[in-house]
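Thanks for sharing this one. Below are a few notes to read alongside the sequence and the coordinates, in no strict order.

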Amino acid sequence: MKFIVAICLVAFGACSTLPPVPVHPNEDIIQQALSHPGSRIIGGNDAEICEYPWQASLMFSNSHVCGAVVVSDKVAITAAHCVSWAPSSYFSIRVGSKARSRGGLVFAVAETVVHEEYNVGAGAFPNDIAILKFNESIIGPGAASVANLPDENSKDFAPHRCTITGWGYSVYGQVLPEVLQKAEMTVMKPKWCTDVFGSYINDGHVCLISDDSASCNGDSGGPLTCGDTLVGVTSFGALGCPAIYPSVYTRITYFRQWIKDNSGV
């Protein structure tokens, strides 16, 4: 089976005539939160929050909708599609807990800064990044620690094994887990991903692949980290989250100057 997957990725044209349909992993969860504020989410391999202390649950009206990652005492990063549809006053984050709906500390989002060119330009969901700002410190005992931001001239991290985390599906369409999930993924060379997704991919994307994991294992807006360095936040994957297709994240190095200009971090 692993051999078949490798062939599909290297010679995509032999396995399919069209690139997969790109979708945001948490699209249905966001819709559930809007209509059922108490909705739940499940799936994956359990993780401890001390392993990934920068992980945050982004909530809309106290219901988890996306992941986020803490990068300074008053700043977190998420995907633009996680917050572009509602005022900042509706959002908060939970940090310091591996549980999605309890424990840790909850902080109200003071301001959301969505990339001014989100969904403008080439590729699928271009510029899918947003900044969350807070009026009080979100790091410290019982709260979060920060993930390091890479220099914009950092390498592309391929073909390193890195980690995605979140409260996303482990099996597409099932309920989501209460406990934080993690999955090991291989960062792909950009050309490998373009061979699969074609024109859906642009320079602001970083792609991951695994034999048995896909973007459903990571919430939209949740982190891809190599060690303690933030490499990406979840943007999209193929419809149905089949593991034979790459998971696509927003590449942090590409937006490093934008993050600095809009957050001071």
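**Notes on helices, cores and backbone**

1. Let's start where helix H4 stops: the residue that follows H4 is Gly264, and its phi is positive, near 80°. Please keep in mind throughout that this is a predicted model.

2. Within H4 itself, the buried residues are Arg256, Trp258, Ile259 and Ser263. They sit on the same side of H4, because they cover an arc of only 160° around the axis. Their packing partners are strand E5 (75–78), strand E8 (111–114) and E9. As general background, an α-helix has 3.6 residues a turn, so residues three or four places apart point the same way.

3. Have a look at Thr253 too, in the loop between strand E15 (247–251) and helix H4 (256–263). Thr253 has a relative accessible area of 10%, under the 20% cut-off, so this loop residue counts as buried. Beyond its neighbours within four places in sequence, Thr253 is in contact with Pro150, Asp151, Glu152, Ser154 and Phe157.

4. Helix H3 (residues 190–197) buries Cys193, Val196 and Phe197. Down the axis of H3, these buried residues fall within an arc of 80°, so they line one face of the helix. Just after H3 comes Gly198, with a positive phi of about 60°.

5. Now the interior. The largest nonpolar core has 23 residues, and Leu58, Ile93, Val95, Leu132 and Phe134 are those with the most contacts inside it. At least two residues of this core come from each of strands E3 (55–60), E4 (63–72), E6 (91–95) and E9 (130–133). E4 gives the most, with 4 residues. A second, separate core has 21 residues, including Tyr52, Trp54, Val75 and Ile252.

6. If you want one residue to click on in the largest core, try Ile93, which is among those with the most contacts inside it. Leaving aside neighbours within four places in sequence, the residues in contact with Ile93 include Leu58, Met59, Leu105, Phe107, Leu132, Phe134 and Ile138.

7. Some backbone details deserve a second look. Most residues other than glycine have a negative phi, and most peptide bonds are trans. In the loop between E3 and E4, Ser61 has a positive phi of about 50°, and Asn62 in that loop has a positive phi of about 70°. Ser61 is partly exposed, at 32% relative accessible area, whereas Asn62 is exposed, at 66%.

8. Lastly, the peptide bond from Ala158 to Pro159 is cis, with omega near 0°. Pro159 is in the loop between E9 and strand E10 (161–166).

Key: Residues are numbered from 1 along each chain as its sequence is written. This is a predicted model: local features need pLDDT of at least 70, side-chain atom pairs count only at pLDDT 80 or more; totals for chains, interfaces and linings use all residues. Side-chain values use heavy atoms; hydrogens and water are left out. A nonpolar core is a set of buried Ala, Val, Leu, Ile, Met, Phe, Trp, Tyr and Cys residues joined through side-chain atoms within 4.5 Å. Buried means under 20% relative accessible area, exposed over 50%, partly exposed in between (1.4 Å probe, protein chains only). Contact means heavy atoms within 4.5 Å. The arc is that of the directions from the helix axis to the C-beta atoms.
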